[in-house]
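Me: I am new to this structure and would like to learn how to read it feature by feature. Could you take me through it slowly, giving the general idea before each case?

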Amino acid sequence: MTANNSESMPELQLPSSITGPESLAFDVKGEGPYTGVSDGRVLKYQGPDVGFTDFAMTSPNRTKEMCDSSIDPSLEATCGRPLGLGFNYQTGDLYMVDAYLGLMVVGSRGGIAIQLAAAAQGIPFQFLAGLDVDQGNGMIYFTEASTRFQLRDIQELIASNDSTGRLLRYDPRSREVRVLLGDLSVAVGVAISRDSTFVLVAELTANRIRRFWLGGPRANTSEVFMELLGKPGNIKRNERGDFWVAINNALGPPAPPESLVIPHGLRLSHDGKVLEVASLVGAYEISEISEVQELNGELYVASLVAAYASIYRAN
């Protein structure tokens, strides 16, 4: 296992007033990152001279006058609140989950996203959170944190011992949604393995990652992949097949509206060995992070509460 203190590089600052680049995605050309933010837009980073520009939106009811620059949770159901997102590199489509509006997709030119699913097994979605795309077959894996609470009630959700989270799969060919796992303790991050034999799902309040087997003799069964000391966020696989997990270790009891934590990234092997621990306090100090993603030797870090994303390089 490697432990390192990461060196912070320039922050990718969001446009004025907005916050919450919770998840990041890069297109097939490596351009981006793309990210959903607090006022309902999906933005694309165009480099340091241009910064972030509008790419897509998830709500057909969104207006610039009402929503632009909003950080008001009460407007999220109207303006949209995109969270997990990822590209299908074969089609160029960007898939995303909106915490309130369901599973969405938008073409490579952006614009208003199309809703693909708003319920599973007759239960309307309440709080969608994470997403990953299987580049081999186009299947979309996504999570629902809770079937009882919404994003705007997240502090109540965390305190409730809720275990109604779900792991789901969307088939773009049949347009059907299947529930793979239920009874999860605030399901957030999700990632498909490089060989597509299993999918990992993070349970925020259980401090663990579960593995659901997609193929082989253990197909359609699940097990605990790793128990954690802190609360996990999103999971992102790198090109080598390792998994980066965003972890927040609490510094004390929860203190609304934001808990004090030590954020770090955990790199795990395909079989659950800890390969690297990256300290990420440089730009986030004692605030929560939501995602760590590796690209071209750098770590891109996202947060539900910050007004920027950060890039880190190991010392």
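Reply: Let us begin with what pairing means: two strands pair if DSSP finds at least two bridges between them. Please keep in mind throughout that this is a predicted model. With that definition in hand, we can say that S23 and strand S24 (residues 274-279) pair in the antiparallel sense, over five bridges.

Me: Which residue of S24 is the bridge partner of Leu-268?

Reply: The partner of Leu-268 in S24 is Val-274. These two strands, S23 and S24, form a hairpin with five residues between them, and in the turn Gly-272 has a positive phi of about 90 degrees.

Me: How many bridges join strand S22 to S23?

Reply: Strand S22 (residues 243-250) is joined to S23 by eight bridges, and the two run antiparallel. Within this pairing, Val-245 stands opposite Leu-266 in S23.

Me: Is strand S23 mostly covered or mostly open?

Reply: A residue is called buried when its relative accessible area is under 20%. By that reading strand S23 (residues 261-268) is mostly covered, since seven of its eight residues are buried. As a general idea to carry along, side chains in a regular strand alternate between the two faces of the sheet.

Me: How should I read a whole sheet, and what is the order of the one that contains S13?

Reply: One reads a sheet by listing its strands in the order in which they lie side by side. Here, an open sheet of four strands has the order S13-S14-S15-S16, with antiparallel pairing. Strand S13 (127-133) and strand S16 (176-184) stand at the edges with a single partner strand each, so one side of each is left without a neighbour in the sheet. On average, and with direction ignored, neighbouring strands of this sheet are turned by 20 degrees against each other.

Me: What joins the strands in the middle of that order, and which residues face each other there?

Reply: Strand S14 (residues 140-146) and strand S15 (residues 165-171) pair in the antiparallel sense over five bridges, and Glu-144 stands opposite Arg-166 in S15. Going on along the order, S15 and S16 run antiparallel and are joined by six bridges, with Leu-168 opposite Val-179 in S16. The hairpin of S15 and S16 has four residues between the strands, and in this hairpin Arg-175 takes a positive phi near 60 degrees.

Me: What is the order of the sheet that contains S3, and is its pairing mixed or antiparallel?

Reply: This is an open sheet of four strands in the order S3-S4-S5-S9, and its pairing is mixed. Strand S3 (34-36) and strand S9 (111-112) stand at its edges, each with a single partner strand, so one side of each has no neighbour in the sheet. Strand S4 (residues 41-45) and strand S5 (residues 52-57) pair in the antiparallel sense over five bridges, and Leu-43 stands opposite Asp-54 in S5.

Me: Where does Pro-15 lie, and what is it in contact with beyond its neighbours within four places in sequence?

Reply: Pro-15 is placed in the loop between strand S2 (12-13) and S3, and with a relative accessible area of 29% it is partly exposed. Leaving aside those sequence neighbours, Pro-15 is in contact with Leu-43 and Phe-52. The C-alpha atoms of Pro-15 and Gly-136, by contrast, are separated by 35 Å, and these residues are 121 apart along the chain.

Me: How do I read empty space, and what lines the second largest pocket?

Reply: A pocket is an open set of points, whereas a cavity is a set that a 1.4 Å probe fits but cannot leave. The second largest pocket holds about 520 Å³ of space. Of its 20 lining residues, the closest to its centre are Phe-26, Tyr-89, Gln-135, Arg-237 and Gln-293. Strand S6 (82-87), S13, strand S21 (231-237) and strand S25 (291-295) are the elements that give two or more residues to this lining, which divides into nine nonpolar, five polar and six charged residues.

Me: How many cavities of 30 Å³ or more does the structure hold?

Reply: The structure holds one such cavity, and about 40 Å³ of space lies in the largest cavity. Among the residues that line the largest cavity are Ser-23, Gly-84, Asn-234 and Glu-291. At least two lining residues come from each of S6, S13, strand S17 (187-192) and S21, and S21 supplies the largest share, three residues. The lining of the largest cavity divides into four nonpolar, five polar and two charged residues.

Technical notes:
Residues numbered from 1 in each chain as written. Predicted model: local features only at pLDDT ≥ 70, side-chain atom pairs only at ≥ 80, totals over all residues. Heavy atoms only, no water. Buried < 20%, exposed > 50% of the residue type's maximum accessible area, 1.4 Å probe, protein only. Contact = heavy atoms within 4.5 Å. Axes fitted to C-alpha atoms, helices over the stretch in contact; angles between N-to-C directions. 1 Å grid on protein atoms, 1.4 Å probe; cavity = no way out; pocket = protein on both sides within 12 Å on 5 of 7 lines; lining within 4 Å. Points joined across faces, edges and corners; volume = space filled by probe spheres on them. Nonpolar A, V, L, I, M, F, W, Y, C, P; charged D, E, K, R; others polar.
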